[in-house]
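Let's walk through this one together, starting with a single pair of side chains and then stepping back to the whole chain. Have the viewer open and ready to rotate.

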Amino acid sequence: MPGAPHGSRNWRGSRRTSTARSDAVLTGLRSAEIQDSLTALEARKAGLKTDLSAPAEPMPALHPGIADIYAGKVADLAATLNDADLRQEAEILRYRYRNGFKR
């Protein structure tokens, strides 16, 4: 087309080529490369279906008394931090914790 930019001719040409290739695939004409690609995609699809149909892994079993164990540890920590003999060390730890353990 006279006066048309060179890029638009290339785009139209590549579009025609793409359409021709799509038509060839749709009508059953397939190159070995396209067939190999389609075969690989079908194999991947089958693998994904197999993975999805497999039962999910069970959740890890937690100790039935885990909440009580945690509560006990927190209570022990609170008692230690409030111990009069360790009060100064506890204040240093609190200060460092609040300030990101910077020196």
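Find helix 4, which runs over residues 87-98, and pick out Glu91 and Arg94: both sit in that helix, three residues apart, or about one turn. In general, an α-helix has 3.6 residues a turn, so residues three or four places apart point the same way. In this predicted model, the side chains of Glu91 and Arg94 do meet, forming a salt bridge with an N to O distance of 2.8 Å. The structure holds one salt bridge, and this is the pair that makes it.

How buried or exposed are the two partners? Glu91 has a relative accessibility of 38%, so it counts as partly exposed. Arg94 comes out at 22%, and since buried means under 20%, Arg94 is partly exposed too.

While you're here, check the geometry of the helix itself. Helix 4 has 12 residues, and at 1.5 Å a residue they should span 16 Å; the end C-alpha atoms are 16 Å apart, so the model agrees with the expectation. Just past helix 4, have a look at Gly100, where phi turns positive, at about 75°.

Now swing over to helix 2, residues 32-53, where you'll find Ile34. Together with Leu38 and Leu41, Ile34 makes a nonpolar surface patch of about 230 Å². Patch members need over 30% relative accessible area, and Ile34 has 34%, so it is partly exposed and qualifies.

Time to zoom out. The protein chain has four helices and zero strands, so to speak an α-α-α-α pattern when you read along the sequence. Of its 103 residues, 4% are buried. The accessible surface comes to about 9700 Å², with carbon and sulfur atoms accounting for 60% of it.

How far can you lean on the coordinates? The mean pLDDT of the chain is 78, and 74% of the residues reach 70 or more. Among the elements, helix 3 (residues 66-81) has the highest mean pLDDT, 92, while helix 1 (residues 6-26) has the lowest, 61. Ahead of helix 1, residues 1-5 stay under 50, and the model gives them four contacts beyond four places in sequence. Where pLDDT is low, the predicted coordinates should not be read in detail.

Technical notes: Residues numbered from 1 in each chain as written. Predicted model: local features only at pLDDT ≥ 70, side-chain atom pairs only at ≥ 80, totals over all residues. Heavy atoms only, no water. Helix = DSSP H or I, 4+ residues; strand = E, 2+ residues; numbered from the N terminus. Buried < 20%, exposed > 50% of the residue type's maximum accessible area, 1.4 Å probe, protein only. Areas by Shrake-Rupley, 256 points an atom, 1.4 Å probe, with all protein chains shown as cover. Salt bridge = Lys/Arg side-chain N within 4 Å of Asp/Glu carboxyl O. Expected span 1.5 Å × (residues − 1). Patch = residues over 30% accessible without salt bridge, like charges linked within 9 Å, V, L, I, M, F, W, Y side chains within 5 Å. pLDDT = per-residue confidence, 0-100. Contact = heavy atoms within 4.5 Å.
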